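Student: Could you take a close look at a single part of this model, the nonpolar patch on its surface, and then connect it with a few other local features?

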Amino acid sequence: MRTIVATSISLLTTVAWLSAQEKDKDKRIFVMEIRGDIDPRMNRYVDLALTQATEIDADIVIIDMDTYGGAVNDANDIRTRILEYDKPVWVYINNDAASAGALISIACDSIYMVPGANIGAATVVNGTDGSQAPDKYQSYMRSIMRSTAEENGRDPLIAEGMVDERVEIDGVTEDGKIITFTTTEAIKNGYCEAEVASIRDIIEKNAIYDYELIEYELSGTEKIIAFFLNPVVSGLLILVITGGIFFELQTPGVGFPLAAAGVALVLYLVPYYLNGLASNWEIAAFFVGIILIALEIFVIPGFGVAGILGIICTVGSLIFMMLGNDNFNFDYVPTGEITEAATVVMIGVFGSILLLILFGYRITQSKMFSRVALMNTQQKSEGYTATFYTENLVGKAGVAATILRPSGRVEIEDEIYDAYTRGEYIEQGEKVKVVKQEGTSLQVRAIKA
């Protein structure tokens, strides 16, 4: 009996050991980066990365972070995704996790930091001048920092102290100072699991020896989208958009400039729309601007309110599409981004106008242009005429078949013709003489008795 029991225990021990080995074998560790500003583009990047991590059934997600922060709304979206993710998410702070970066880090299940790294300083600031935002924004940030810390078993008061300088904690901070921890301080206060030198160091500290390290890379489509988000490329697209529309409005019916502008517009709008920068109202404002400019050119005489409003809507919408603004609120959009967007759009617009002035005539005279537009002229010396009639009626006499006031009909050699005068009135039956013929009408004058 003892032998049977011993054998059973031995078998169970072996099975448990094999299960443990199998559990640790070939773990999929998925690595993604948060390096740069927290904005709609980073928001989309994280969403795509976590989606892929789910698709490949990753066992652990590690975020390689180095950021000074960014937009609170985008940081909150990322925080929520991390909290709701059903597998462990660890963060590797490879220098800085400031402001929005601190919020995202606290949302992770484990925090690891390199020597000399920092976490904290999460006060909400105005993107224009760097001053503190109104208290309603600070209150919101304090709240989500506390709740996030509580969710992962960290001291919520410390998380609040990273936002509010009025929070005072014995041995941690004093009144009037925002909490920003070094690596050593973060470990001491439960905001960092360990000091590490690399991601592989994190894996070894967690006793994982058999694993597959998968680094997230954008797909080909996403790389193309990222390429078109480059400010230089955006400026070139704006040049084609404005130049194509302007050229088409000046020479309607050609088609090619409008088609080029349409393709450039799609390549400009889609990346910004997918990244949450181009709102529906901004896209609508662009088309409203184009319609107003067209009305000014073709319908409304002169150049006035419609034309000016059209330019403002068109140019303004192109600038807004490049920014993470909340309608007309730019408080948390960095001044540098506003300046960059305005500069890119203006270079594109004025560059297209300059190119049209310098090369517009050459384009209309080129062989390529002649393939899409009628370039031939019909000269009078070559036998062409603007008249509808096959015979020359100038100088011939007839009578007014109707009253000419100043247009009507005349009879010449038993034939009825449309006619008009230079403004004089001719009664029916009066004698007339043809002085000019063009188009489908004759110009006549009365023959005085």
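**The nonpolar surface patch and other local features**

Tutor: In this predicted model, a nonpolar patch on the surface is formed by Ile291, Leu295, Ile297, Phe298, Val299 and Ile300, which together have about 540 Å² of accessible area. Within this patch, Ile300 is placed in the loop between α12 (280-298) and α13 (305-320), and its relative accessibility of 38% falls between the limits of 20% and 50%, so Ile300 counts as partly exposed.

Val31, in strand β1 (residues 27-35), can be set beside that, since Val31 has a relative accessible area of 7% and is therefore buried. The C-alpha atoms of Val31 and Val89 are separated by 9.9 Å, and the two residues are 58 residues apart along the chain.

Two backbone positions also deserve attention, because most residues other than glycine have a negative phi. Asn95, which is not a glycine, has a positive phi of about 130°; Asn95 is in strand β3 (residues 89-98) and is partly exposed, at 33% relative accessibility. Glu413 is likewise not a glycine and has a positive phi of about 50°; Glu413 sits in the loop between β10 (407-412) and β11 (415-420), and with a relative accessible area of 55% Glu413 is exposed.

Finally, for helix packing, α4 (residues 100-107) and α5 (residues 135-151) pack with their axes 8 Å apart and at an angle of about 25°. Because angles under 35 degrees count as roughly parallel, α4 and α5 are described as roughly parallel to each other, and their crossing is left-handed.

Conventions: Residues numbered from 1 in each chain as written. Predicted model: local features only at pLDDT ≥ 70, side-chain atom pairs only at ≥ 80, totals over all residues. Heavy atoms only, no water. Patch = residues over 30% accessible without salt bridge, like charges linked within 9 Å, V, L, I, M, F, W, Y side chains within 5 Å. Areas by Shrake-Rupley, 256 points an atom, 1.4 Å probe, with all protein chains shown as cover. Salt bridge = Lys/Arg side-chain N within 4 Å of Asp/Glu carboxyl O. Helix = DSSP H or I, 4+ residues; strand = E, 2+ residues; numbered from the N terminus. Buried < 20%, exposed > 50% of the residue type's maximum accessible area, 1.4 Å probe, protein only. Axes fitted to C-alpha atoms, helices over the stretch in contact; angles between N-to-C directions. Parallel < 35°, antiparallel > 145°, perpendicular 65-115°, else oblique. Left-handed = near helix turned anticlockwise from the far one by under 90°.
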